Amino acid sequence: MMDDVRAHSGAVYLLSEAEPVLEMAVMAGLPRAFAAPWERVALTSPVPVADAARGRRLVWVPGEEDMARRYPRIAVVLPYPFALAALPVATADTVYGAVFVTWPGSHPADLSPSERTLLTTACDRLALRLQRAAERGRRVVPEVDFLGTAPMAGTSSAVEAVQMVARIPDGMCALDVNGRVTFANAAMAELVGSTAEELHGRPLWATLPWLNDPVYEDYYRAALFSQHGTSFEALRPPQDWLVFRFHPSRSGISVQVTPAGAAAGQRPSGDRAGHRPTRLVTISHLLNLASALTEAVGVRDVVELVADEIMPAVGSSALVMLAPDGGRLRVLGQRGYDDPGVVDRFDGMLLTAATPGAHALATGVPSFFETREELEHLYPAREATPESMAAWAYLPLIASGRPVGTCVLAYAQPHAFTSDERAVLTSLGGLIAQALERARLYDTKHRLAHGLQSALLPHSLPALRGLEVAARYVPGTQGMDIGGDFYDLMRGSGEGDLLPGSVHPEAAAVIGDVQGHNVAAAGLMGQVRTAVRAYTAVGQPPGRVMASTNRLLVDLDVDLLASCVYLHLDLAHGRVLLARAGHPQPLLRDPDGRVHVLDLAGGPLLGIDRSATYPTTAVPLPAGSVLVLYTDGLIETPGVDLDDGLAELAGRLERGVGQPLETLVDSLIGDRTTAPSRGDDMAVLLLRPQR
């Protein structure tokens, strides 16, 4: 397939039978280490092969800009110019896995029809073979990655070519796609301070300690991925600067090494003696996972992301996240345990308890247990724990110098933790800790915001004879999820004068929107709601309630404005008296189902002009009609005209004839509660007089 479309790398993933995870079965063209962070990919992960398998569609990424926009985690780890196509390996009723192939960045921006056909046909053919194998009970066996044969010492191409290269004063060597030296001339060995025999068959950075730096190895990766030449300068201790030039092809890289022209004293200082940087594959894992963790918002997001991204990457079978709370351990979440009771028994345990989770949290030192016997030797009490796991890593989560939790990774089989793996897991603990600290802070602010909002809105509306009521408040999804929208329903005072010839109100209602989506807006909303209640209690008519509230806002000098609709209900005579201050016009549905937009005269927003007046309008409100009061969040949608939004709301109201009021209010809100980005909060209040 790669040869047919002239791709330079690719891999086949198969869907695990035990869990929704894609596992790399074989890779070709480039070393598997290049794709190490994605050897095991959760089916829900935002990566091309998962999208292809999940959506049963071809995914095309034409270059690095598109990769950075759509798949930033991959772009962080592989910031090179290359194109990628991912396709599902699936029959009509079964998904077996996915395939990806890559091209250098010089590939055209579009996948040609012939390339698309060749790739699709090859994947369909593979799916049929996997289907037949499954029907015959034949399991897929491990396959060796196709990267060419290993170099053999003592072999060469033509003798003439060897002699020609030997006469060149520059250092020359050849690397295969694994980075191993397949040939080096004498000048190369002399320049780098080694011998041709020592260089042969190994990567340069494995033979030469001063080249063992991820920065240098990244040039090799960039050359292979992009198929473009790269170069860099490196210091051979104590003071010799060398220029390395990489000339790549699909079969490997030709390397030219020459002394740098400038004086050593003008160069930046090189690696210090004894400094051995971490291997690049480790950095790739950390970059990928760090990018993923930046997407987590709340604690649940962190737990889910660690389970979806880190568990497949490190091969663990289960996960538990613990955090301190009031001197006790709390279980924040778990994945992989069929019986939640196995984990729940640790919830509420004292931090001083003799358990590995509490010990890691208290000491800040990670613990690794390769077998159950190792764990029970140090913690005999664990013998009574009915757990099916056989190896564990307890990672303390330290952020800002203090413990914020413990991440427990469990393995179904005994697991030998190498020193490199322990270092990687410990580093992951630091990344998880930072994400968890941010998430717990977010959750705390979120609970505070919702608690404040709940305290300022009415807990329940009074039951009034002859009036059916339904109300909803939906917070926005940006900021602190707190806003200034409010509503209220009050019993009438039975006192005071309204307009000439009117009667005392049986009930009063209000809906409003204070400018802003923060604590200040919510606080002012509480003051406005309280003021409206006070002015209602003393029997002020609607226009005077609006005017009095307006003067209050001006006197408070808070630099925030508010819109509002206030009304008196005269149920005995079937009418309503309304006053409006810069607020969207209410909707009225007649008993016969016709919907009207009430054209109410009104005054300016509250808080602008202390002398503003607010006229009162009387509207018939017979039994069976529905009066809809709402804030602008219900009709505002980015890119949609307000009139169109109002028309859509009116259409929903008209289609809801015959619905109970509670059902109707939910249908008016519709799918806005599940919208991923809802910048404004919204309030809705429905009033229906009854006979």
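This report describes a six-stranded sheet, the helices packed on it, and the internal cavities of a predicted model.

## The sheet

The open sheet contains 6 strands, arranged in the order S3-S2-S1-S6-S5-S4, and their pairing is antiparallel. Its edges are formed by strand S3 (40-42) and strand S4 (59-61), each of which pairs on one side only. Averaged over neighbouring strands and with direction ignored, the turn of one strand against the next is 20°. In general, the strands of a sheet pair through backbone hydrogen bonds, in either a parallel or an antiparallel sense.

Within this sheet, S1 is joined to strand S2 (residues 21-28) by 6 bridges, again in the antiparallel sense. In this part of the model, Ala 11 stands opposite Met 27 of S2.

## Helices packed on the sheet

Helix H2 packs on the sheet and touches S1, S2, S3, S4, S5 and S6. The direction of H2 makes an angle of about 35° with that of S5.

Helix H12 (residues 299-314) also packs on the sheet, where it touches S2 and S3. The direction of H12 makes about 160° with the direction of S3.

## The largest cavity

The model holds 5 cavities of 30 Å³ or more. The largest cavity encloses about 190 Å³ of space. Its lining comprises 18 residues, and those nearest the centre are Ala 35, Trp 38, Ile 74, Leu 84 and Phe 100. Two or more lining residues come from each of strand S1 (9-15), helix H2 (48-55), strand S5 (82-90) and strand S6 (95-104).

This cavity can be placed relative to the sheet: S1, S5 and S6, which contribute to its lining, are strands of the sheet described above, and H2, another contributor, packs on that sheet. By class, the lining has 16 nonpolar and 2 polar residues, with no charged residues.

## The second largest cavity

The second largest cavity has about 150 Å³ of space. It is lined by 15 residues, of which Val 320, Phe 346, Arg 382, Tyr 394 and Val 408 lie nearest the centre. At least two residues of this lining are supplied by each of strand S12 (318-325), helix H13 (341-344), helix H14 (356-363) and strand S15 (391-399).

The class composition of this lining is 11 nonpolar, 2 polar and 2 charged residues. Charged residues are thus present in the lining of the second largest cavity, whereas the lining of the largest cavity has none.

Terms used
Residues are numbered from 1 along each chain as its sequence is written. This is a predicted model: local features need pLDDT of at least 70, side-chain atom pairs count only at pLDDT 80 or more; totals for chains, interfaces and linings use all residues. Side-chain values use heavy atoms; hydrogens and water are left out. On a 1 Å grid over the protein atoms alone, a cavity is a set of points where a 1.4 Å probe fits but cannot get out, and a pocket is an open set with protein on both sides within 12 Å along at least five of seven lines; lining residues have an atom within 4 Å of a point. Grid points are joined across faces, edges and corners, and a volume is the space filled by probe spheres set on the points. Helices (H or I, at least four residues) and strands (E, at least two) are DSSP runs, numbered from the N terminus. Ala, Val, Leu, Ile, Met, Phe, Trp, Tyr, Cys and Pro count as nonpolar, Asp, Glu, Lys and Arg as charged, and the others, Gly among them, as polar. Two strands pair if DSSP finds at least two bridges between them. Axes are lines fitted to C-alpha atoms, for helices over the stretch in contact, and angles run from 0 to 180 degrees between N-to-C directions. Contact means heavy atoms within 4.5 Å.
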